[in-house]
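Hi everyone, thanks for making time for this. I'd like to walk you through one structure, so please have the viewer open and follow along.

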Amino acid sequence: TARRTMSTAQSLYENGHITYMRTDSTNLATVAVEAARDLVRTEYGEAYLPDSPRLYRSQVKNAQEAHEAIRPAGHPFELPDRLRSELSSDEYRLFELIWKRTIASQMTDARGRRLSVVVEGDGARFQATGKTIDFPGYLRAYVEGSDDPDAELADKESLLPSVTLQQTLACRGLDSKDHTTQAPARFTEASLTKELEKQGIGRPSTYAAIIDTILSREYVFKKSNALIPTWVAFAVVKLMVDHLPRLVDYQFTAQLEDHLDAISRGEAEQVRYLRDFYFGNGTPGLKKQLENKVEEIDARATSRFLMGSTEAGEPIFVRVGRYGPFLESGTQRAALPQELAPDELTEPFARQLLEQASREEQPLGICPSTNRPVYLKQGRFGPYVQLAADESEESGDKPKNASLLKGMTLDDVTLEVALRLLSLPRIVGCHPDNGQDVVAHNGRFGPYVKCGEETRSLPAGVSPIEVTLEQSLALLAQPKTRGRGGAAPREPLKVLGDSPVTSQPIRLMEGRYGPYVTDGVTNASVPKGTGIEEITPQAALELLAARAQAQPSGRRAAAKKKAAAAKSTKKAATKSSAATSKPKSATKAPKGASGKGTATRKKSATKKKS
């Protein structure tokens with residue numbers, strides 16, 4: 001993410017490995033150019049070194065070039081491999097990227113040839129294009145989007161068979177392949193930053209804050225790496241475009257950056273700019289634009305979007321309410337699932353949600369014990385059953401709800417099933433040994449049984465509304481070896497040797513939120529996109545060291561203390577064993593060595609005391 005990248009860059013800068021990173025300049029200092037050229041000469045050879053230094057112009061609008069380009073610090077540049085043991089995994093990868101780009105910027109161009117072969121026959125025309133790289137140039141150091149330039153260079157070459165002009169070819173076979181155009185990909189944090197940079201909006205120091213803001217205000221949510229816009233974002237954009245279009249124009253935002261830069265350079269006066277912006281200067285200012293907006297803006301219209309119509313012709317709208325978006329058609333309403341992307345809400349699906357909501361208004365039946373109706377409802381987090389609240393004035397009870405069990409569908413829920421769900425947690429029976437109740441629950445992480453302080457997860461296929469006392473007692477009798485529900489310890493994906501810190505084996509495990517490495521005391525997540533085969537013992541130690549440094553753990557300190565104590569005890573035991581095995585006549589120190597013996601005894605006493 002942008003935030004994680006900036007945090008890593010900040011750490012590299014503070015430790016003197018790179019220059020200031022909040023810049024979009026492409027200028028390198030003379031000493032940096034010389035350092036880069038020296039490295040090109042020594043690491044790649046004279047053939048890769050241009051005759052004169054290469055200079056670049058920034059293609060970014062409103063680039064702030066008070067600082068030079070981001071590059072490795074110092075002279076000469078440190079080689080990435082020499083810093084591998086000092087840097088965390090993220091820091092090493094980012095430093096290597098900066099190093100490669102800096103070196104590649106002072107290398108010669110790549111040279112290659114393209115060859116096109118056109119085959120004609122029976123009115124059909126086929127064409128193939130091949131490419132051969134004659135000299136890799138800067139691609140030997142850095143190929144954009146690749147961590148391994150050598151492998152990427154091999155992929156870039158596509159060789160064609162040797163043919164001559166007008167040669168007759170035999171058709172051995174034809175493969176028919178379909179090609180369909182794809183919709184533009186959603187923005188990710190990286191592609192959104194690239195677009196902001198292209199439009200001249202924001203600065204390297206503000207991109208992470210911009211992305212954090214749209215996430216915290218729920219204008220977007222993340223699905224995998226994609227940023228999915230929400231209905232709240234649509235409503236805000238609609239409000240601004242309809243009523244304050246000049247303020248959300250890309251050109252206005254880019255020009256504002258120009259004005260702020262001019263003010264920072266002393267070329268413009270800040271109070272005058274604010275006065276013109278608020279009161280106007282040839283164009284209406286903000287004050288004029290806002291004069292009648294309170295009366296003009298219709299909040300209901302701004303937060304409503306037409307989705308289609310019902311089979312009866314009634315329009316279907318999406319409304320953005322205080323508690324989230326929902327569907328509205330006449331007097332009918334239906335909640336929208338929380339993780340539903342706006343483009344996935346089609347007209348047929350909207351009709352289906354409204355139909356389900358209309359069924360929710362009709363009770364499944366009447367609860368015989370309370371004489372109150374039972375409903376099947378659809379909420380933001382999925383379907384659930386609800387027992388209507390007691391409407392008597394004396395009672396302040398809220399409606400009782402119960403989620404459906406895993407694997408249940410709406411069609412599975414009858415009045416009988418709903419009543420059994422509402423009966424949870426239910427008493428299965430009495431434990432014969434301790435006399436305590438055995439209770440079946442449907443918890444946040446799945447169904448389980450509980451007796452006193454003991455809990456066990458129910459295995460797949462066993463329902464909390466059907467589990468018997470016999471089954472519950474059998475589960476409770478099993479040892480609770482690890483985690484909740486007495487689950488058996490998971491087997492490691494890999495064992496990567498012993499940790500020099502804890503002396504325990506370093507294991508690569510599959511966790512709930514992805515793979516991680518552990519040395520028995522510290523757990524460190526494996527970065528996203530890193531394959532299991534890439535985790536070497538050295539990489540695991542780096543991840544664990546970075547995790548321990550970022551968040552010191554009392555458990556790790558306790559483990560170190562315990563290991564040191566064990567080592568000390570073992571050493572003392574060895575000395576004691578050696579001393580007792582000697583004859584008594586030999587215990588007296590020889591002449592001139594009495595000081596040494598006294599010092600040894602004092603040292604042992606000090607150790608024992610400490």
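Let me start at a single side chain. Glu328 has a relative accessibility of 7%, so this residue counts as buried. Its salt-bridge partner is Arg333, with the closest N and O atoms 3.7 Å apart. Arg333, in contrast, is exposed, because its relative accessible area is 51%; the cut-off for calling a residue exposed is over 50%. The pair also belongs to a wider group: Arg300, Arg319, Glu328 and Arg333 are linked in a network of salt bridges.

Before going on, please keep in mind that this is a predicted model.

How many salt bridges does a search of the whole structure find? The count is 21. Let me show you two others to set beside Glu328. Arg456 and Glu454 meet through their side chains, at 2.9 Å from N to O. Here the arginine is the buried partner, as Arg456 has a relative accessible area of 4%. Glu454 is partly exposed, at 38%. Then there is Glu120 with Arg125, where the closest N and O atoms are 2.8 Å apart, and both of these residues are exposed.

Now let's zoom out for the overall numbers. The protein chain has 610 residues, and 33% of them count as buried. Along the chain you'll find 19 helices and 20 strands. If you take contacts between residues at least 6 apart in sequence, 51% of them join residues at least 24 apart. The accessible surface comes to about 40400 Å², and carbon and sulfur atoms account for 52% of that.

One pair to click on for sequence distance against spatial distance is Ser88 and Gln549. They are 461 residues apart in sequence, yet their C-alpha atoms are 9.8 Å apart in space. Gln549 is in helix α17, residues 537-550, and it is exposed, with a relative accessible area of 68%.

Next, a sheet. Please go to β9, β10, β11 and β12: these 4 strands form an open sheet in that order, with antiparallel pairing. Which strands are at the edges? They are β9, residues 365-366, and β12, residues 400-403, each of which pairs on one side only. Helix α15, residues 415-422, packs on this sheet and touches β9, β10, β11 and β12; its direction makes about 105 degrees with that of β12. Back at the β9 edge, 2 bridges join β9 to β10, which covers residues 373-379. One residue pair to look for is Ile366 with Pro373, its bridge partner in β10.

Between β9 and β10 there is a loop that holds Asn371. For those of you who check backbone torsions, Asn371 has a positive phi, near 60 degrees, and it is not a glycine. Asn371 is also exposed, at 62% relative accessible area.

Just after α15 comes another backbone feature. The peptide bond from Leu424 to Pro425 is cis, with omega near -5 degrees, and Pro425 lies in the loop between α15 and β13. From there we run into a hairpin: β13 and β14 are its strands, with 6 residues between them, and Gly435 in the turn has a positive phi of about 75 degrees. The two strands, residues 426-430 and 437-443, pair in the antiparallel sense over 4 bridges. Arg426 has Ala440 as its bridge partner in β14.

There is a cis bond at His75 and Pro76 as well, with omega about 0 degrees. Pro76 is in the loop between α2 and α3.

My last stop is the surface. Val119, Phe126, Val163, Leu169 and Leu174 make a nonpolar patch of about 450 Å². Leu174 is exposed, with a relative accessible area of 64%, and it lies in the loop between α5 and α6. The loop between α5 and α6 also holds Gln166, where phi is near 65 degrees, a positive value in a residue other than glycine. Gln166 counts as exposed, at 72% relative accessibility.

That's my tour. Thanks for listening, and I'm happy to take questions.

Conventions: Residues numbered from 1 in each chain as written. Predicted model: local features only at pLDDT ≥ 70, side-chain atom pairs only at ≥ 80, totals over all residues. Heavy atoms only, no water. Pairing = 2+ DSSP bridges. Contact = heavy atoms within 4.5 Å. Axes fitted to C-alpha atoms, helices over the stretch in contact; angles between N-to-C directions. Patch = residues over 30% accessible without salt bridge, like charges linked within 9 Å, V, L, I, M, F, W, Y side chains within 5 Å. Areas by Shrake-Rupley, 256 points an atom, 1.4 Å probe, with all protein chains shown as cover. Salt bridge = Lys/Arg side-chain N within 4 Å of Asp/Glu carboxyl O. Buried < 20%, exposed > 50% of the residue type's maximum accessible area, 1.4 Å probe, protein only.
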